[in-house]
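Thanks for making room for me today. I'd like to walk you through one model, strands to begin with and then charged pairs. Let me put it up on the screen.

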Amino acid sequence: MSETNPNRQGGHAAGGGRAPGEDEVAELCRELIRIDTSNYGDGSGPGERAAAEYVAEKLAEVGLEPQIFESAKGRASTVARIAGEDPSRPALLIHGHTDVVPANADDWTHHPFAGEIADGCVWGRGAVDMKDMDAMTLAVVRDRLRSGRKPPRDIVLAFLADEEAGGVYGARHLVDKHPGLFEGVSEAIGEVGGFSFTVNENLRLYLVETAEKGMHWMRLTVDGTAGHGSMTNKDNAITELCEAVARLGRHKFPVRVTKSVRHFLDELSDALGVELDPEDMDTTLERLGGIAKLIGATLRNTAQPTMLGAGYKVNVIPGQATAHVDGRFLPGLEQEFLDELDSVLGPRVRREAVHSDKALETSFDGALVDAMQTALRAEDPIARAVPYCLSGGTDAKSFSELGIRCFGFAPLQLPPDLDFAGMFHGVDERVPVDGLRFGVRVLDRFIDAC
Ligand SMILES: [Zn+2]
């Protein structure tokens, strides 16, 4: 906290004081949810232009000069820079995506694009992924600028299109075509981190993302001998492919404890007061409840068959069969993953990459991590920030190419019984209003100390 800042107004009381940005965060989140930015991955959605304009307007209202970048029709991202007290220091990037995965309204308790408030939560697609963080960022920045509180260093804000389909029209576009926007940025915070996991009444862990698995989406093909379905055929492509796909689907890749996972398990051992055996993770995961879904997939490489294709008529043996597989590898284990994959699939299967992206890992230390820890503790006395590895991918992959050190830190305090991991891309996605307000206070303190 910059206690010496003469422009400082208001301020926080320890353990739950108010920052005025808190008062508008829920409304900002609701308004963002009402802008349908469904991303179908094939360009057929409404795009992010309306959200980009909304964000730009909210930033311009408080004196910033946001720029909108349209990478393809309707696919727009908004970027703005806030001048800090010390322009000689490297800048911090705060990024969020404005697109969401589609939602089928019939499945939902409250309409996914209505942004309703019920049972203390804002409901709707994007409530946790990630219009919550977009709204928190807007609320904090607007409050700070209104009250003339400059951040200690430059902050670049990026509200991005297309994250849900790999970021080609959002983060990747900006990194490739407009890298100057991120000039001097050394560190970044973004999504899927900073949320709480209540261990007991004396300890709440906040999981900060320091690593991401890499991905290999692939197509598998087997060529066989085509022929009449009534005749014998020892070279049926479907039979061969299915055997290989079944072997892969059942294959259990070995547990590999990477740096981030080791650190997380050590913290958890400490918190629970028990030794955790990485070879007996089933027992460990049982203790983690809802977040086991997040952690379980970060202990090993995985390869899940997701699509099958072959044949066009019941009495014709096709000459070829294909399958698609979603492969994810841990940081540093890409080659091991591919070698193991090929040995499981066998020589008959031809493997081609459809889309691949790298794994990331940074260490959980330094001044920025201290700032997270301090900001969380100031608002939650039983908080402890711990690093973890995300099984999926985010826009951090693109920003890391500019040499930016990326963290997932979108602080949220959650009720212990909320299935937070299940909210991502799930039905009835919602975020507690109190969680949003907490996030605003933590982010405000974090920026003071960044
Ligand atoms: Zn997301």
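So, how many of the ten residues in strand β10, residues 214-223, are buried? Seven of the ten, so β10 is mostly covered, going by the under 20% cut-off for buried. And before I go on: this is a predicted model, so please hear everything with that in mind.

Which strands does β10 pair with? One partner is β14, residues 320-329: ten bridges join the two, and they run antiparallel. If you want a spot to look at, find Trp217, which stands opposite Asp326 in β14. Then there's β15, residues 350-357, which is joined to β10 by seven bridges, again antiparallel. Over there, Met215 stands opposite Asp357 in β15. While you're looking at these strands, keep in mind that in a regular strand the side chains alternate between the two faces of the sheet.

Okay, stay with Asp326 for a second, the residue across from Trp217. Its side chain meets the one of Arg328 in a salt bridge, 2.7 Å from N to O. Is Arg328 buried or exposed? Buried, as it happens, because its relative accessibility is 16%, and the cut-off is under 20%.

Now go just past β15, to Lys358. Lys358 and Glu401 form a salt bridge through their side chains, at 2.9 Å, N to O. This one links distant parts of the chain, 43 residues apart: Lys358 sits in the loop between β15 and β16, while Glu401 is in the loop between α11 and β18. As for cover, Lys358 is partly exposed, with a relative accessible area of 28%, and Glu401 counts as partly exposed too, at 43% relative accessibility.

There's also a salt-bridge network to find on the screen. Glu22, Asp23, Glu379, Arg437, Arg441 and Arg445 are joined into one network by salt bridges that share partners.

How many salt bridges does the structure hold? The count is 36. One last pair from that set: the side chains of Glu70 and Arg49 meet at 3.2 Å, N to O. Glu70 belongs to strand β1, residues 67-72, and Arg49 to helix α2, residues 49-60, so this salt bridge ties together parts that are 21 residues apart in sequence. Both ends have some access: Glu70 is partly exposed at 40% relative accessibility, and Arg49 is partly exposed at 30%.

That's my tour, so over to you.

Terms used. Residues numbered from 1 in each chain as written. Predicted model: local features only at pLDDT ≥ 70, side-chain atom pairs only at ≥ 80, totals over all residues. Heavy atoms only, no water. Buried < 20%, exposed > 50% of the residue type's maximum accessible area, 1.4 Å probe, protein only. Helix = DSSP H or I, 4+ residues; strand = E, 2+ residues; numbered from the N terminus. Pairing = 2+ DSSP bridges. Salt bridge = Lys/Arg side-chain N within 4 Å of Asp/Glu carboxyl O.
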